[in-house]
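Okay, thanks for coming, everyone. I'd like to walk you through one structure today, so let me put it up on the screen.

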Amino acid sequence: MFRILILFLALFANISFAEIHDIDNNKLSAMLENQVPLVDIRTRKEWQKTGVIPNSHLLTFFDTKGNFSTEEWLPKLAAIAEKGDPVIIICRSGNRSYVVAKFLAQDAGYRYVYHAKNGIISWIKSGNKTIRP
């Protein structure tokens, strides 16, 4: 019985958390071409200031005071990407999006989470296109 328990724990220890994949702008472009959804978690004011990447899903996670509600946000995300689907998360510089990506992979059950590691700032600095929301 003890051996079965050890085997069970060994098998399932590796699947308890999904891995977050940091991606650069080149990988982000390639994934967008393959229709992987990109979720921009910034605020409306931030979207208006810099523009957004075409075909982004605009879904604010943190409000201007840093508050959030996973109970309200997760059902909206589920309409964009289910837990078994790949999803890319982006913010301004990569800090907030990393927190959200980590939450999705470790707590919310998403298996294929991609983090645009340097955010929209890097996207724009690299000469990539944005549009006004």
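Arg42 and Asp40 are both buried. The two form a salt bridge, and their closest N and O atoms are 2.9 Å apart. Keep in mind that what you're looking at is a predicted model.

How many salt bridges does a search of the whole structure find? It comes back with two. The other one I want to show you joins Arg96 to Glu46, with the closest N and O atoms 2.6 Å apart. That pair ties together distant parts of the chain: Arg96 belongs to helix H5, Glu46 belongs to helix H3, which covers residues 44-50, and the two positions lie 50 residues apart. So are these partners buried or exposed, or something in between? Arg96 has a relative accessible area of 24%, so it counts as partly exposed. Glu46 has 17%, and therefore counts as buried.

Since we've landed on H5, let's stay there for a bit. Helix H5 runs from residue 95 to 106. Does its length make sense? Well, at 1.5 Å a residue, its 12 residues should span 16 Å, and the C-alpha atoms at its ends are 17 Å apart, so the two agree.

Now, which residues of H5 are buried? They are Ser97, Val100, Ala101, Phe103, Leu104 and Ala105. If you like to look for a pattern in those numbers, remember that an α-helix has 3.6 residues a turn, so residues three or four places apart point the same way. And what do the buried residues of H5 pack against? The answer is S1, H4, S4 and S5. Asn95, also in helix H5, is another story: its relative accessibility is 57%, so it counts as exposed. Asn95 and Ala116 sit 21 residues apart along the chain, and their C-alpha atoms are separated by 9.8 Å.

On to the sheet, then. It's an open sheet of five strands, in the order S1-S5-S4-S2-S3, and the pairing is parallel. At the edges you have S1, residues 20-23, and S3, residues 57-58, and each of those pairs on one side only. Elsewhere in the sheet, S4 (residues 86-90) and S5 (residues 112-116) run parallel and are joined by four bridges. To pick out one position, Ile88 has Tyr114 in S5 as its bridge partner. Helix H5 comes back here too: it lies across S1, S4 and S5, and it runs at about 175° to S5.

Last topic, the aromatics. There are five aromatic pairs in the structure. One of them is Phe61 with Phe68, which is stacked, at 5.1 Å centre to centre and 20° between the planes. Phe61 is buried because its relative accessibility is 7%, whereas Phe68, at 49%, counts as partly exposed. Phe61 also pairs with Trp73, and this time the arrangement is edge-to-face, with 4.8 Å centre to centre and 85° between the planes. Here too the pair links distant parts of the chain: Phe61 is in the loop between S3 and helix H4 (70-78), Trp73 is in helix H4 itself, and they are 12 residues apart. Both Phe61 and Trp73 are buried.

Put the rings together and you get a cluster: ring pairs link Phe61, Phe62, Phe68, Trp73 and Phe103. And Phe103, you'll recall, is among the buried residues of H5. That's it from me, so over to you for questions.

Key
Residues numbered from 1 in each chain as written. Predicted model: local features only at pLDDT ≥ 70, side-chain atom pairs only at ≥ 80, totals over all residues. Heavy atoms only, no water. Pairing = 2+ DSSP bridges. Contact = heavy atoms within 4.5 Å. Axes fitted to C-alpha atoms, helices over the stretch in contact; angles between N-to-C directions. Phe/Tyr/Trp six-rings, centres within 6.5 Å; stacked < 30°, edge-to-face > 60°. Buried < 20%, exposed > 50% of the residue type's maximum accessible area, 1.4 Å probe, protein only. Expected span 1.5 Å × (residues − 1). Salt bridge = Lys/Arg side-chain N within 4 Å of Asp/Glu carboxyl O.
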